[in-house]
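This report describes how the chain is arranged overall and then turns to its nonpolar core.

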Amino acid sequence: MSSRPTDELRAAAQTLMDLADIAQDDLDTDDFWKDYDKATAWRDGFANGFGGVSSDLVAVFPPATAHALAGWLRDSAVLHLPDYECGYCDPQRNPLRLPCPALAVARQINAAASA
Ligand SMILES: [Zn+2]
């Protein structure tokens, strides 16, 4: 099944928004987080609960960052509507055929979400 770039970007944005909202709600209400300082709860909770280098990665990707990334994907979706042209996806403007970063991110998110 193929889908339009705009749909791929919007799907990835929605996935991130939904997961970020659920994670933020958990962060705000679950007892696991209550002993952590609000400012560093995400980072410290993962470091203490799971630990390791994977937690170092998660530490720099809290729900607020997921929301910001989702916003960028939604903005990028507009650039992929038929009347607009993404500078990366327009061969005239991208003669080196550099990959579209927004689509690359969206496709990674969508693949992970459907795996
Ligand atoms: Zn593009």
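Read along the sequence, the protein follows the pattern α-α-α-α-α, with five helices and zero strands, where helices (H or I, at least four residues) and strands (E, at least two) are DSSP runs numbered from the N terminus. This is a predicted model, in which local features need pLDDT of at least 70 and side-chain atom pairs count only at pLDDT 80 or more, while totals for chains, interfaces and linings use all residues. Residues are numbered from 1 along each chain as its sequence is written.

The radius of gyration of the protein, taken over C-alpha atoms, is 17 Å, well over the 13 Å that the globule rule (2.2 Å times the number of residues to the power 0.38) gives for 115 residues, so the protein is more spread out than a compact globule. Along its principal axes the C-alpha trace spans about 55 × 25 × 25 Å.

Of the 115 residues, 19% count as buried, meaning that 20 or more other C-beta atoms, placed from the backbone, lie within 10 Å of the residue's own. The largest nonpolar core has 15 residues; such a core is a set of buried Ala, Val, Leu, Ile, Met, Phe, Trp, Tyr and Cys residues joined through C-beta atoms within 7 Å. Leu9, Ala12, Ala13, Leu16, Ala70, Leu73 and Ala106 touch the most other members. Each of the following helices supplies at least two residues of this core.

| Helix | Residues |
|---|---|
| H1 | 5-29 |
| H4 | 63-79 |
| H5 | 101-114 |

H1 gives the most to this core, with five residues. Leaving aside neighbours within four places in sequence, Ala12 is in contact (C-beta atoms, placed from the backbone, within 7 Å) with Leu73, Val105, Ala106, Ile109 and Asn110.

Conventions
A residue is buried if 20 or more other C-beta atoms lie within 10 Å of its own, exposed if 12 or fewer, and partly exposed in between; C-beta atoms are placed from the backbone. Two residues are in contact if their C-beta atoms, placed from the backbone, lie within 7 Å.
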